[in-house]
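Subject: Structure for you to look at

Hello,

Here is the structure I said I would pass on. Please open it first, then read the notes that follow.

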Amino acid sequence: MSADQLALFKSSWNTVKHNEVDILYAVFKANPDIQAKFPQFAGKDLDSIKDSADFAVHSGRIVGFFSEVIGLIGNPENRPALKTLIDGLASSHKARGIEKAQFEEFRASLVDYLSHHLDWNDTMKSTWDLALNNMFFYILHAL
Ligand code: HEM
């Protein structure tokens, strides 16, 4: 990824990173099978849990993971920390029986959200494609 792409990737994420609840909502809305894996949300009406404190906590953790990773990307010194984060995510999710296909669904919904909340021109799209290809390559590999 070029320096320009890295800067665009980080600055564009900064504009949406606090929309944690909206992002998790969009993921659950498009993928009831993902919602169903969360013991505290399974079988509940999404619109009625969206504004709960529990939903905010989980959104913060999940979307916050992206912020943590994105904050570390770009500096070779951070590679070991990135590897630890990704390996931890993969092992905790593998233990829960989350499948690769569900990570792909999550990714597709995240991209759909971004495409409606960022200036989704060709440069933006290709930058996010590249960044998520790298990130998901490592996650899926470790899963
Ligand atoms: C918990 C991130 C995809 C289901 C978590 C946590 C984080 C996280 C940071 C809390 C720490 C932990 O327990 O590991 C992510 C990210 C994802 C992703 C960044 C995509 C790249 C998924 C998918 C599913 C899922 C696709 C289900 C199909 C869960 C469940 C929990 C969890 C069930 C435990 C919630 C609880 O009871 O505390 N996730 N996750 N995650 N995630 Fe994910």
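**Around the ligand**

Eighteen residues surround the ligand, and Gln40, His58, Ser92, His93 and Arg96 come nearest among the 18. A residue is near a molecule or strand if one of its heavy atoms lies within 4 Å of it.

Before going further, note that this is a predicted model, in which local features need pLDDT of at least 70 and side-chain atom pairs count only at pLDDT 80 or more, while totals for chains, interfaces and linings use all residues. Residues are numbered from 1 along each chain as its sequence is written, and side-chain values use heavy atoms, with hydrogens and water left out.

Three polar contacts to the ligand can be listed (a polar contact is a pair of N or O atoms within 3.5 Å; within protein, one must be able to donate a hydrogen and the other to accept it, and residues adjacent in sequence count only if both atoms are side-chain atoms):

- Arginine 96 has a polar side-chain atom 2.6 Å from an oxygen atom of the ligand.
- Serine 92 has a side-chain N or O atom 2.7 Å from an oxygen atom of the ligand.
- Glutamine 40 has a polar side-chain atom 3.1 Å from an oxygen atom of the ligand.

Helix H5 (53-72), helix H6 (79-95) and helix H7 (100-117) are the elements that give two or more residues to the shell around the ligand. Helices (H or I, at least four residues) and strands (E, at least two) are DSSP runs, numbered from the N terminus. The largest share of the shell, five residues, comes from H5.

By residue type, the shell divides into ten nonpolar, five polar and three charged residues. Here Ala, Val, Leu, Ile, Met, Phe, Trp, Tyr, Cys and Pro count as nonpolar, Asp, Glu, Lys and Arg as charged, and the others, Gly among them, as polar.

The ligand also holds an iron atom, and its only protein donor is His93 (NE2), at 2.1 Å. Donors are N, O and S atoms within 2.8 Å of the metal (3.2 Å for Na, K and Ca); water is not among the atoms, so sites may look incomplete. Histidine 93 is in helix H6.

**Aromatic rings**

Rings of Phe, Tyr and Trp (its six-membered ring) pair if their centres lie within 6.5 Å; planes under 30 degrees apart count as stacked, over 60 as edge-to-face and the rest as tilted. By this rule there are ten aromatic pairs. In one of them, phenylalanine 9 and tryptophan 128 have ring centres 4.7 Å apart and planes at 75°, so the pair is edge-to-face. This pair links distant parts of the chain, with phenylalanine 9 in helix H1 (residues 3-16) and tryptophan 128 in helix H8 (residues 122-142), 119 residues apart. Both phenylalanine 9 and tryptophan 128 are buried. Buried means under 20% relative accessible area, exposed over 50%, partly exposed in between (1.4 Å probe, protein chains only).

The rings of phenylalanine 137 and tyrosine 138 have centres 5.4 Å apart and planes at 85°, so this pair is edge-to-face. Phenylalanine 137 is exposed, at 53% relative accessible area, and tyrosine 138 is exposed, at 52%.

One aromatic cluster is formed by Phe9, Trp13, Phe66, Phe106 and Trp128.

**Along the chain and in space**

Aspartate 4 is in helix H1 and is exposed, with a relative accessible area of 63%. Aspartate 4 and threonine 127 are 123 residues apart in sequence, and their C-alpha atoms are 9.4 Å apart.

Regards
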